[in-house]
Amino acid sequence: MNVNLFQISGPSRSAAPGFQQLVSPLPGLWGDLSAMRRFFREQAIDDESCYGFLAPDFVGRTGLDAAAVAALVQAQPQAQAWTFCPVTLEACGQLNLLLQGEQQLPGFAQTAQAFFHSLGLELDVAHFLPRWENNVLNGFVVARRAFWQTWFDLAERLHLATEEVGNPLRQALEAGTPAGEPAKALLADRLASLVLALDQQLEVWHCPTERMPAARSLASADIAGLEQLRAAYANSGAAGDRQRFEAEVQRLQQSQPLMPATSLPSAAAISLDSLRSALQAMGGSPAAPAATAVPAMPTVPPQADNAAAQAARGELVFGCMTHVPLPIKFPDYVLPIYLGESQHDGALNLRDLAPEWVPYHPIVAGMLGNFALRRLILRDYPKIKRVGVCLYRKFISRERISGVPAEDNWMMDVVSDKEFARQSLEQMMEPGDQEFLVGKTCGFNVGGQSAGYLSHYALAHHAEDLLRFAAAATELGVFGKSEAEQFFNEKIFFMGGVEMGVFPAEFWLRAVGQIEAVIWYCVKHYDTRREGYQTRAWAFCAERLGSYLLLRELRARFGDPGYMRFFGQLNLITRGDQVKYVPSH
């Protein structure tokens, strides 16, 4: 495992021996975020390496040089993130780092909460109580790509919020501390602590203080006492329990003072997506930390939660996207996600799970159901291993069922009510226990010759839409520096992308998060309006990006053509003798 350790500094300060130096282009405006955005946009990162962007005073506070950090990381190869907390009281003496930022800038916690709500994420800062070991700033974390990928999504949304003219958060994020550090930089520094706390699929190793020569710890009895007081407040949300916790912290400070809030180090980290909905899972009491509360986003009705409880098949959650009343009864383990006019009280609706996407249903279509399902999984099923996805009339089976191809699409077999008489839909949809279950691939033909994604898209749709979409994917780091060309020229295509089949949860959550980030960027930057069938421009682009991300994952894991072992059969549900495929609108 390669351990890449960096320190971010100004032009006149060198990194400590053993660390690679990154110069921050805008240290007074964004803290370390500018340097990290530039690094991850210009450098390719891989799954076999880990990356740390350590604080300037990391060595002095921990007593660990670069070689010692690398040795500790390599000794715990099973982890995905490694944290180094040099002063125990600085971590376990805080409810969370968003409230800690309030000490530097009054109103900061409210600004942070408003930012998360602007993304459709419920996070009650006053009642957000992660493990104290996760209360570390970015400059004390080393992690793999999956961690930075999640961090980057939040960081890019934060950066975008400060650039959007008319964004009501813009002024609040630019507000500065007495020392001149803006709220946006304070929030960027604390994003790593949120990823650590809320991405429950991450395996995190917290370095014991005894392994850090310069670290200052508390007696185990004091730590246990603070944990008991934190737990009491977590259970009750009562002001009295919080006051008792804070009083105990003040008592301990007399023997081991906390560093002043203004001297806490800052550092950054980066990467793309996997968290927006996990934040919803941590929403607690509706009380807000400031006098003017940010309105809570709508929550899923209790009846829908009961349905969701039946949808998890142990380690698998299976979702079905529909914008119409379901034409047939699906198995009990399949969870319908309702879009458009089919939404109704007591159901799992787009308007409840991802309300900010409701206005975009006409141009993003069924892909929005995947965004809603992703948020539901991160909120209610953070430990599941696989995700299954189907549409209200399309699903993938392990074996061919009818053997009758659809008249206008040979990739699909029609499955009619005649087949339902012989075997149940539950039997047909049973995915087995393999990691992937995907439809067979196909290719594109233009002028009698095999064609790539862009050539075919230009023939069937509007080329400028896919060009803009790929530019956004590059801008957000979904593609590496040279991958846009590979994407345009790719000749193997999965119909539906990641919207049909069964996938490892870690991959599917990441891929759908990446697609969501790209589409959000496009709808905010490009006023693309098409007519008729072409209205769903971003849905067509998303299908191609999903196909590309799936191919990239399968090739990396199993080689080409090794991934073909996971091919199943794409099926279209019909009635009677109907064999013609008519696309929905």
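1. Contact here means heavy atoms within 4.5 Å. Helices (H or I, at least four residues) and strands (E, at least two) are DSSP runs, numbered from the N terminus. On these terms, Gln149, Asp153, Arg157 and Leu160 in H8 meet Arg510, Gln514, Glu516, Ala517, Trp520 and His525 in H23.

2. The basis of this note is as follows. This is a predicted model, in which local features need pLDDT of at least 70 and side-chain atom pairs count only at pLDDT 80 or more, while totals for chains, interfaces and linings use all residues. Residues are numbered from 1 along each chain as its sequence is written, and side-chain values use heavy atoms, with hydrogens and water left out.

3. Overall, the chain has 24 helices and 19 strands. Of its 585 residues, 58% count as buried; buried means under 20% relative accessible area, exposed over 50%, and partly exposed in between (1.4 Å probe, protein chains only). Among contacts in the chain with a separation of 6 or more, 78% come from residues 24 or more positions apart.

4. To return to the first helix pair: the axes of H8 (residues 145–163) and H23 come within 11 Å and cross at roughly 15°. Axes are lines fitted to C-alpha atoms, for helices over the stretch in contact, and angles run from 0 to 180 degrees between N-to-C directions. H8 and H23 are therefore roughly parallel to each other (angles under 35 degrees count as roughly parallel, over 145 as roughly antiparallel, 65 to 115 as roughly perpendicular and the rest as oblique). The crossing of H8 and H23 is left-handed, a term for a near helix turned anticlockwise from the far one by less than a right angle, with right-handed used if clockwise.

5. H23 (residues 505–525) also packs against H17 (residues 367–380), at an angle of about 130° and with the axes 10 Å apart. That angle makes H17 oblique to H23. The crossing of H17 and H23 is left-handed. On the H17 side the contact is made by Met367, Asn370, Phe371, Leu373, Arg374, Arg375, Ile377 and Leu378. On the H23 side it is made by Trp508, Leu509, Val512, Gly513, Ile515, Glu516 and Ile519.

6. Just before H17, Ala365 lies in the loop between H16 (361–364) and H17. Ala365 has a positive phi of about 60°, although it is not a glycine. Its relative accessibility is 10%, so Ala365 counts as buried.

7. The structure has 34 aromatic pairs. Rings of Phe, Tyr and Trp (its six-membered ring) pair if their centres lie within 6.5 Å; planes under 30 degrees apart count as stacked, over 60 as edge-to-face and the rest as tilted. In one pair, the ring centres of Phe39 and Phe53 are 5.6 Å apart and the planes stand at 70°, so the pair is edge-to-face. Phe39 is in helix H2 (residues 33–42) and Phe53 in strand E3 (residues 49–54), 14 residues apart. Phe39 is buried at 10% relative accessible area, and Phe53 is buried at 0%.

8. In another pair, Phe436 and Phe566 have ring centres 5.6 Å apart and planes at 55°, so the pair is tilted. Phe436 lies in the loop between H19 (425–429) and E14 (441–442), and Phe566 in the loop between H24 (537–558) and E19 (569–573), so the pair ties together parts 130 residues apart in sequence. Both Phe436 and Phe566 are buried. The loop between H24 and E19 also holds Pro561, which a cis peptide bond joins to Asp560, with omega about 20°.

9. Ring pairs also link Phe444, Tyr453, Phe479, Phe487, Phe488, Phe493 and Tyr548 into a cluster. Elsewhere, the charged end of Arg468 sits over the ring of Tyr526, 5.3 Å from its centre (NZ of Lys or CZ of Arg must be within 6 Å of the ring centre and within 35 degrees of the ring normal).

10. Helix H7 (residues 108–118) is mostly covered, with ten of its eleven residues buried. The buried residues include Phe108, Phe115, Phe116 and His117.

11. Two loop residues remain. Gln534, in the loop between H23 and H24, is buried with a relative accessible area of 19%. Leaving aside residues up to four places away in sequence, Gln534 touches Ala460, His461, His462 and Phe540. Ala219, in the loop between E6 (204–206) and H11 (220–236), is partly exposed at 43% relative accessible area.
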